[in-house]
Amino acid sequence: MDTKKLASVRTAKCSNPMASARTPWKVDQMRERIVKHLERMLAREPQTATLHDWWLADSYTIRDRILERLIATQKAQHSANCRRVYYISMEYLMGRLLRDNLNNCGLFDLNREALQHLGVSYDEMECIEPDMGLGNGGLGRLAACFMDSLATHNYPAVGYGMHYEFGMFRQEFRDCRQAEMADNWLVYGNPWQIRRAENVQDVHLYGSVENCPTKSGEYKAKWVGGYVVRGIPWDIPIVGYGAETVNFLRLWEARAACELDLEDFNRGNFIEAVDAKVLVETISKVLYPNDSTSAGKMLRLIQQYFLASCSLRDIIRRHFNSGSGWREFAEKVCIHLNDTHPTIAIVELLRILLDEEDMDWDSAWEIVTASFAYTNHTLMPEALEKWSVTLFEQILPRHMQLIYEINRRFLENAEKSFKKDCEAIRSMSLIEEGPVRYVRMGNLAVIGSFSVNGVAAMHSELVKTKLFHYFHKLSPEKFSNKTNGVTPRRWINSANPRLASLLNSSIGYDWITDLEELRKLEPYANDLDFRSNFARVKLQNKTALANLIKKRCGISVDPKSLFDVQVKRIHEYKRQHLNLLHILTHYQRVLNGGSNSSAPRTFIFGGKAAPGYAMAKNIIHAINVVAAKINGDKRVADRMKVVFWPNYDVSSAMAIIPAADLSEQISTAGMEASGTGNMKLALNGALTIGTLDGANVEILEEVGQNNIFIFGRTVEQLAQMQANGYNPRSFYDGDGELRDVIDMMLSSEFDGGDVFNPVRYVAENLLNGGDRYFLLADYRAYVDTQDIVSNYFANPELWYSMAIINVARMGKFSSDRSIQEYARDIWKLHPVRQG
């Protein structure tokens, strides 16, 4: 060990940048402000205030400071007449905001002390805040991380999303099954949001298209009839680290243009009097309504158009209020589509330019294609969004006309390059022909955008070579990669304060805004004292999680066991059921005395299945049935436990991720676009077991093959296996241990008192043609790699040295790096500093 090098790193520590942040308050002043809000906004006195009252009063106090910075930020950006990015996303997985806002404002310690003087425990009060019901999975969490990085690095940006009243759903387990309950996150109000009723937007739906004569005697299409939905904006301030820049996220709530039909009401028809209100307000009720029904599909499309139309009209309003016109629109405005959901915005802007601004097609299309950029987040066909032509014609008749015309013009041009290549033309068409004709929104996003990017190197290559192959051949300059990232402000500084404190005392504070600074940790990987401190932090986090698991799930787990964690949306391609196969393998080995030398394991799952995704819900059911069996088996009580954390959300992640030892990233190769859970877990010192999929490939490149556990077949090997005719039963026949596990699943072992046995159902599905994601093909490599994991965990010095190297080499996976690349390469955006 180079002790001189280590000493130089230790002495290079910088002072806390937040110590000199714009913090005009002292403890007494903050205490007075909290009490003032308690009394004047909530009409409570300190003696009778509940924790909920204190949370609201405290949040309003911090919001005062934030709004000062928001006003200053908007003034500086307006004075600079700068180019902005407008980021449109169907979801933002924000979690709780109080801790992040306090940290970013430099007020956390001051606030905790002020509350302590008032007899209030910050830790107890913090738990009162509900997670904001605005997102579900990685797409929404990435959007939240990006908003944080944009503000931290002073980029002028506005986020646009939906103001969901009930989020997606609150997950409960009943008889081991997922049950979906309304997530009424707004029941007690939200102190961070600001209603901007003066910026309401009207959205037109249904109706028909007529050809109306113009003054020149020509005819022009006009969208008539239908009804109008009103979009009410709510703003949530987004605080950058240091609070120099505070941007905002604007969320749209759907309201009826006429909320009460007074004539019906006065006639005694009370229900009919509010029919329109009830119908319209379903638009912003829930995130991702179940689209397995025709009504669900209709609502999903209306949601997407409502978001796109409100956001576009607001962008146009803001642009013209700055004194600019259409000539400068693409120069000052960049509209970024976060995945395919808001793609209808392309057609909506074209419609506004043609129908409302009387532009000619070429001028309008030039503005459109210079304004939009598109990020693709998935290779899964069902996530690329396609809507039946019939549905489109019913809800958005004018847009359907324009899509036909966009398609005609595009294909005429494409035929010049592809000549008689019918497959190329068919693949690129906006219309998928068949018994039911569909509009392909992914193709529309590519045609209407000046930039198309994937979110990991491997994913971006598959976007170019498979998903949008012909588009790439036609316009290769459009395509690029921008690997995802996560914000260290949330995922270490807020989520893991023990680790943050250790980092600050060892390498200084610069890592908070420049994650590459973590490289300075590398010399510590072989430093005994630091390794001991790192291990102590991990054990403290695991002990805290074990207490939460006991409280929330009623399961006692050993903090010294290996915490084996798979937390993510439940989907077959993410292969939670491959993890289940290993759990059952481990269970059989323990029963047979074969795993007594390995460390005890606690298997931790978290994640929701979409309400209409039956197989994903069956996987949850199966895991919970197996968990109940194993956790109740006294023969293995000291060797293994299985926990399925209910209602996994951001706050849950902030408890689980810092405590994880092993990060399960086991999706089928070529299926995961990137993943960000893999980054968060590695950043917090968990070692990864994973396939060569998504960002795992780049994590491998960064940490080195000796510090990660990679297994499984590659994209190319799986393609070859598929081409040769994949037969999962051959793996069952050829592997005795796998056969024993499957036979156990097929037996009456897990029958219980239920007619339906989900464990048997999962096994039958895998054996009888349902193994679309190659679980049985990868089983042996996975189980053998898990044996290596157990051997490594038995050597704490080696394990924690590897864990420290993982943390040290995560600099690439900061959302700050991602945003700086977007700003430089796609958005052409420059920071706007104040003062």
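## Cavities, a pocket and two helix pairs

In this predicted model, the lining of the largest cavity holds 7 nonpolar, 3 polar and 4 charged residues. The exercises below start from that cavity.

### Exercise 1. The largest cavity

Find how many cavities of 30 Å³ or more the model has. Then describe the lining of the largest cavity.

**Solution**

Step 1. Count. There are 4 cavities of 30 Å³ or more.

Step 2. Give the volume. The largest cavity encloses about 150 Å³ of space.

Step 3. List the lining. It has 14 residues, and Met94, Leu97, Asp100, Asp148 and Ile238 are the closest to the centre of the cavity.

Step 4. Place these residues on elements. Two or more lining residues come from each of α4 (98-105), α7 (138-152) and β9 (227-239). The greatest share is that of α7, with 4 residues.

### Exercise 2. The second largest cavity

State the volume of the second largest cavity. Then sort its lining by class.

**Solution**

Step 1. Give the volume. The second largest cavity holds about 70 Å³ of space.

Step 2. Find the lining. Here 14 residues line the cavity, and Lys568, Gln665, Ile666, Ser667 and Glu672 lie nearest its centre.

Step 3. Sort by class. The lining of this second largest cavity has 8 polar, 5 charged and 1 nonpolar residues.

### Exercise 3. The second largest pocket

Work out which elements line the second largest pocket. Which of them gives the most residues?

**Solution**

Step 1. Give the volume. About 660 Å³ of space lies in the second largest pocket.

Step 2. Find the centre. Of the 29 lining residues, Leu379, Pro381, Leu384, Lys466 and Leu467 lie nearest the centre of the pocket.

Step 3. Name the elements. Those with two or more residues in the lining are α17 (422-428), α18 (441-447), α19 (457-467), α20 (469-474) and α29 (715-723).

Step 4. Pick the main contributor. Helix α29 gives the most, with 4 residues.

Step 5. Sort by class. The pocket lining has 17 nonpolar, 7 polar and 5 charged residues.

### Exercise 4. Helices α22 and α23

Are α22 and α23 roughly parallel or roughly antiparallel? Name the residues that join them.

**Solution**

Step 1. Take the geometry. The axes of α22 (residues 497-507) and α23 (residues 528-553) come within 9 Å and cross at roughly 160°.

Step 2. Classify the angle. Angles over 145 degrees count as roughly antiparallel, so α22 is roughly antiparallel to α23.

Step 3. Give the hand. The α22 and α23 crossing is right-handed.

Step 4. List the contact. From α22 come Arg498, Leu499, Leu502 and Ser506, and from α23 come Phe530, Asn533, Phe534, Val537, Gln540 and Asn541.

Step 5. Sort by class. This contact has 5 nonpolar, 4 polar and 1 charged residues.

### Exercise 5. Helices α2 and α3

Which term describes the angle of α2 to α3? Sort the residues of their contact by class.

**Solution**

Step 1. Take the geometry. Helix α2 (residues 27-40) packs on helix α3 (residues 51-80) at about 120°, and the axes are 8 Å apart.

Step 2. Classify the angle. The roughly perpendicular range is 65 to 115 degrees, and roughly antiparallel needs over 145. The angle therefore makes α2 oblique to α3.

Step 3. Give the hand. Helix α2 passes α3 in a right-handed crossing.

Step 4. List the contact. Helix α2 brings Met30, Arg33, Ile34, His37 and Leu38. Helix α3 brings Asp53, Trp54, Ala57, Asp58, Tyr60, Thr61, Ile62 and Asp64.

Step 5. Sort by class. The contact of α2 with α3 has 7 nonpolar, 2 polar and 4 charged residues.

Terms used. Residues are numbered from 1 along each chain as its sequence is written. This is a predicted model: local features need pLDDT of at least 70, side-chain atom pairs count only at pLDDT 80 or more; totals for chains, interfaces and linings use all residues. Side-chain values use heavy atoms; hydrogens and water are left out. On a 1 Å grid over the protein atoms alone, a cavity is a set of points where a 1.4 Å probe fits but cannot get out, and a pocket is an open set with protein on both sides within 12 Å along at least five of seven lines; lining residues have an atom within 4 Å of a point. Grid points are joined across faces, edges and corners, and a volume is the space filled by probe spheres set on the points. Ala, Val, Leu, Ile, Met, Phe, Trp, Tyr, Cys and Pro count as nonpolar, Asp, Glu, Lys and Arg as charged, and the others, Gly among them, as polar. Axes are lines fitted to C-alpha atoms, for helices over the stretch in contact, and angles run from 0 to 180 degrees between N-to-C directions. Angles under 35 degrees count as roughly parallel, over 145 as roughly antiparallel, 65 to 115 as roughly perpendicular and the rest as oblique. A crossing is left-handed if the near helix is turned anticlockwise from the far one by less than a right angle, and right-handed if clockwise. Contact means heavy atoms within 4.5 Å.
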